[in-house]
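This note sets out remarks for a colleague who has the coordinates at hand. The remarks are arranged by sheet, strand and residue.

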Amino acid sequence: MNCFATYEECSSSEGEFEDVAAGSRMCKVPYDEGDTACRAYCACGKTLKRVAKLPDHAALLACSSTSECNRCDDVILAGELHFRCSQCDDTRVCKNCGPGVYIGSTFDFFDKATGEMAMQDVPSKVLHYRKSRLVLRAAKKTRGVSIGSDDTDAIALKAAEQVVENARGLMKEVHDDKVDMSDKDWFHEDTLLRLLGASSRAGAMEISELLIAGASRIFAAGPTLQEVKAPCKIFGDTHGQLRDVLLLFGCFGFPGTVDCPVVVFNGDVVDRGAHQVELLMLVFALKIAMPDKVFINRGNHEDAHMNVKYGFNKAVIQAMGPEQGPAIFEMIGDAFSYLPLATRINDKILIVHGGIGDGKWDVHDLREVKRPLHHPDLQKDSNQWIWNLLWSDPIEDDDANHHETFGVHESPRGPKGTNFGWDVTKTFCARNGLSLIVRSHQSKQDSLGFDIMHENLLMRVFSARDYEGHGNDGSVLLIEQEAAPRREGQPVMLTVRPQVLCSTTKAHRQAAGSRDGHPTKTSPREYDGAARSEQPMSASRSAIA
């Protein structure tokens with residue numbers, strides 16, 4: 001009987017197949033010096049049985065537990081061929097220690113020029129292991145612990161906590177720096193190594209794999225709709241601009257602190273920016289270190305198809321090298337496919353990256369979405385509403401470029417995308433018991449990094465400063481809950497307060513005006529790139545029931 005099964009043929013249940021070679025015909029082969037036990041038999045005398053345990057989808061391997069060979073202490077990964085005893089439940093024997101074919105670790109090499117024959121060790125370049133095995137072996141070797149599923153999580157947690165601590169140090173440096181600059185001008189060759197606490201590219205790759213695998217397990221095990229309680233902060237698009245994120249942390253609170261107890265990253269962490277790999281590893285580390293305080297929504301750029309087009313693929317290969325970079329990129333793509341699609345705060349505020357599309361769906365529909373969702377899955381006609389969670393845009397109430405601000409219209413971004421008017425937002429919120437929708441996805445020229453529209457039912461937040469030359473500020477939204485109702489018998493209110501980090505473009509413009517003897521005001525109205533003006537900070541505070 002064939003011991004291997006395809007993913008389509010095998011369910012997540014475990015199947016045991018008796019090895020036809022593991023019988024009396026199998027000669028006794030010493031496992032190691034002094035061991036006379038047959039490879040085909042358990043220590044109890046029972047015949048070992050070949051086991052195939054495969055999940056329904058290859059991506060679920062990242063969430064499956066590992067075990068350990070009783071004979072050589074090596075790791076047995078989820079889905080790997082191994083052997084068990086039908087009587088001894090705790091017996092696990094890896095392929096190399098069990099019956100069957102054993103591939104030697106040396107080879108014979110003949111040099112015709114010299115006429116010499118030599119025995120050499122098989123080099124690592126011809127050994128093609130699953131990347132998770134390489135990570136676990138390295139971690140086991142360097143940390144001296146036994147690797148099981150719990151140990152793997154513990155190692156990932158330790159690595160994540162170190163990255164978070166290193167980020168605090170970088171945050172202090174950029175916050176104390178007297179000269180501000182854009183993220184693209186903030187260049188240090190060792191930023192990734194410093195953040196990860198690694199001394200080499202190989203070390204950075206090992207830590208990155210731990211973080212990616214650890215975050216993937218959390219995403220796959222978690223809900224598609226995340227539930228969060230105020231107080232918290234919402235970050236918009238960050239697009240690899242690590243310095244801006246560190247400055248926002250320094251100015252308005254590091255995640256997990258009293259000033260920022262809970263944080264939601266609303267997608268588009270990567271692509272285009274100068275520190276895409278660094279920022280993603282930091283966000284993954286924060287999620288692993290503080291899983292109940294850090295939440296991540298999927299954006300339209302958490303997609304391998306987009307990453308190839310807009311630079312993240314290139315950034316990963318540049319950071320990890322041409323040999324290992326593609327494998328790391330593939331791991332990240334799998335992690336993206338399990339990201340949650342939305343977050344809800346106190347049942348009143350819904351956070352999605354793009355928008356609500358045509359609005360003909362309900363919040364509870366999010367809980368029924370099956371993941372993983374790769375690019376082809378998102379493009380299915382049946383998933384068009386999910387596509388629009390990542391891609392749709394609202395029509396601003398006073399947008400002079402739109403003759404019709406009512407209803408649903410085709411998006412210039414593509415045929416599957418939609419633009420939606422204020423009436424769609426109002427109907428959707430009323431039907432789902434929501435008081436506000438927060439979205440990101442759009443940067444506006446010279447803007448404050450946030451907008452309020454659709455009768456105060458929708459806000460935009462964008463956190464990457466000076467994005468693509470737009471000269472925009474970077475913003476986050478602080479969501480707080482009042483300590484008590486304003487009036488007896490009324491529900492406790494939520495308040496939304498934008499917190500803004502000034503654009504370097506605006507700062508340089510102001511400095512140039514001052515030098516010329518014409519002071520340049522930094523009023524929000526002056527830097528509004530649209531036909532409409534944005535509200536100043538004091539007027540933008542809104543209450544939500």
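The points below concern a predicted model, beginning with its sheets and ending with its aromatic residues.

1. The six-stranded sheet. An open sheet of 6 strands has the order β9-β13-β14-β18-β20-β19, and its pairing is mixed. At the edges stand β9 (225-228) and β19 (450-453), each of which pairs on one side only. From one strand to the next, the twist averages 20°. Within this sheet, β13 (residues 342-345) and β14 (residues 349-351) run antiparallel and are joined by 3 bridges. One register point can be given for this pair: T343 has I351 in β14 as its bridge partner.

2. L458 in strand β20. The residue L458 belongs to β20, which covers residues 458-461. Is L458 buried or exposed? Its relative accessibility is 0%, so L458 counts as buried. Apart from neighbours within four places in sequence, L458 is in contact with P394, F420, T425, L436, I437, R439, D451, I452 and M453. Of these contacts, D451, I452 and M453 fall in the range of the edge strand β19 (450-453). A further spatial relation concerns W422: its C-alpha atom is separated by 8.8 Å from that of L458, although the two residues are 36 residues apart along the chain.

3. The three-stranded sheet. A second open sheet consists of 3 strands in the order β15-β17-β16, again with mixed pairing. Both β15 (393-394) and β16 (408-411) are edge strands with a single partner each, so one side of each has no neighbour in the sheet. The pairing of β15 with β17 is parallel and extends over 2 bridges. In that pairing, P394 is matched with F420 of β17. Helix α11 (residues 384-391) packs on the sheet, where it touches β15 and β17, and its direction makes about 65° with that of β17. P394 and F420 also appear among the contacts of L458, a residue of strand β20.

4. K416 in strand β17. K416 is located in β17 (residues 414-420). Which backbone atom lies 3.0 Å from a polar atom of the K416 side chain? It is the backbone oxygen of Q379. Not counting residues up to four places away in sequence, K416 touches Q379, K380, D381, Q384, W387 and N388. Of these, Q384 and W387 are among the positions spanned by helix α11 (residues 384-391), as is N388.

5. S440 in the loop after β18. The loop between β18 (436-439) and β19 contains S440. Why does S440 count as buried? The reason is its relative accessibility of 0%, given that the cut-off for buried is under 20%. The side chain of S440 makes a polar contact of 3.0 Å with the side chain of N266. Beyond its neighbours within four places in sequence, S440 is in contact with F235, G236, D237, N266, V352, H353, R460 and V461. R460 and V461 fall within the range of strand β20 (residues 458-461).

6. Strands β21 and β22. Strand β21 (residues 474-481) pairs with β22 in the antiparallel sense, over 8 bridges. The bridge partner of Q481 in β22 is L494. Of the 8 residues of β22 (residues 494-501), 6 are buried, so this strand is largely enclosed by the rest of the structure.

7. Aromatic pairs. How many aromatic pairs does the structure hold? There are 11. One of them joins F312 and F336 in a tilted arrangement, at 6.3 Å centre to centre and with 35° between the planes. F312 is part of helix α8 (residues 312-320) and F336 is part of helix α9 (residues 325-336), so the pair ties together parts that are 24 residues apart in sequence. F312 and F336 are both buried. Another tilted pair is formed by F462 and Y467, at 5.1 Å centre to centre with 55° between the planes. F462 and Y467 are likewise buried.

8. An aromatic cluster and a charge over a ring. F235, F249, F254 and F265 together form one aromatic cluster. F235 of this cluster is also listed among the contacts of S440. Elsewhere, K287 lies over the face of F295, at 4.6 Å from the ring centre.

How values were computed: Residues are numbered from 1 along each chain as its sequence is written. This is a predicted model: local features need pLDDT of at least 70, side-chain atom pairs count only at pLDDT 80 or more; totals for chains, interfaces and linings use all residues. Side-chain values use heavy atoms; hydrogens and water are left out. Helices (H or I, at least four residues) and strands (E, at least two) are DSSP runs, numbered from the N terminus. A polar contact is a pair of N or O atoms within 3.5 Å; within protein, one must be able to donate a hydrogen and the other to accept it, and residues adjacent in sequence count only if both atoms are side-chain atoms. Contact means heavy atoms within 4.5 Å. Rings of Phe, Tyr and Trp (its six-membered ring) pair if their centres lie within 6.5 Å; planes under 30 degrees apart count as stacked, over 60 as edge-to-face and the rest as tilted. Buried means under 20% relative accessible area, exposed over 50%, partly exposed in between (1.4 Å probe, protein chains only). A charge sits over a ring if NZ of Lys or CZ of Arg is within 6 Å of the ring centre and within 35 degrees of the ring normal. Two strands pair if DSSP finds at least two bridges between them. Axes are lines fitted to C-alpha atoms, for helices over the stretch in contact, and angles run from 0 to 180 degrees between N-to-C directions.
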